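Got a minute for a quick tour? Here's a short briefing to read alongside the model.

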Amino acid sequence: YIISFEGADHVFIATVNHPEKVTDGRVLDVARIVDELKRKGQDAHGPLTVTEIVDVIGNIYARSLQTKKPLAILVMSNGDFGGIHQKLIDLMR
């Protein structure tokens, strides 16, 4: 997973509700992944709820509007991820 996040300005990892869908029987340790990303100098946070992620992205989005810096958001999920896609669309309207 660490390599997957290389180059990201911010990384937010949600609480894993069904870890068996993500790994082959092994436990996905979000806190360990976040710690390793931080050791590599990345801005990483987790485990977070969908609401917490949307709130933080909302703050980043507001700053990007002020600075006119483009913003790209990538959501990776094995399911509907608590409706995060629509929540982010609604946030940016």
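What follows runs through confidence, the main pocket, a helix pair and two backbone oddities.

This is a predicted model, and the protein chain averages a pLDDT of 88. Its largest pocket holds about 1300 Å³ of space, with H3 giving the most to the lining. H3 also packs with H4, and the loop between these two helices holds Lys68, a non-glycine residue with a positive phi.

**Confidence**
- In the protein chain, 89% of the residues score a pLDDT of at least 70.
- Strand E2 (residues 43-48) comes out on top, at a mean of 95, while H1 sits at the bottom with 63.
- Where pLDDT is low, the predicted coordinates shouldn't be read in detail.
- Keep that in mind for the pocket, since H1 (19-22) is one of the elements that each supply at least two residues of its lining.

**The largest pocket**
- A total of 44 residues line the largest pocket.
- Nearest its centre you'll find Phe12, Leu74, Val75, Met76 and Phe81.
- Strand E1 (10-14), helix H2 (30-39) and helix H3 (50-67) are also among the elements supplying at least two lining residues each.
- H3's share of the lining is seven residues.
- By residue type, the lining splits into 26 nonpolar, 12 polar and six charged.

**H3 against H4**
- Two packed helices are described by the angle between their axes and the distance between the axes.
- For H3 and H4 (residues 84-91), the angle is about 30° and the axes are 10 Å apart.
- Angles under 35 degrees count as roughly parallel, so H3 and H4 are roughly parallel to each other.
- The crossing of H3 and H4 is right-handed.

**Backbone oddities**
- Most residues other than glycine have a negative phi, and most peptide bonds are trans.
- Where does the chain have a cis peptide bond? Look between Gly46 and Pro47, where omega is about -5°.
- Pro47 belongs to strand E2, the stretch with the highest confidence in the protein chain.
- Lys68 has a phi of about 60°, and you'll find Lys68 in the loop between H3 and H4.

Notes
Residues numbered from 1 in each chain as written. Predicted model: local features only at pLDDT ≥ 70, side-chain atom pairs only at ≥ 80, totals over all residues. Heavy atoms only, no water. 1 Å grid on protein atoms, 1.4 Å probe; cavity = no way out; pocket = protein on both sides within 12 Å on 5 of 7 lines; lining within 4 Å. Points joined across faces, edges and corners; volume = space filled by probe spheres on them. Helix = DSSP H or I, 4+ residues; strand = E, 2+ residues; numbered from the N terminus. Nonpolar A, V, L, I, M, F, W, Y, C, P; charged D, E, K, R; others polar. pLDDT = per-residue confidence, 0-100. Axes fitted to C-alpha atoms, helices over the stretch in contact; angles between N-to-C directions. Parallel < 35°, antiparallel > 145°, perpendicular 65-115°, else oblique. Left-handed = near helix turned anticlockwise from the far one by under 90°.
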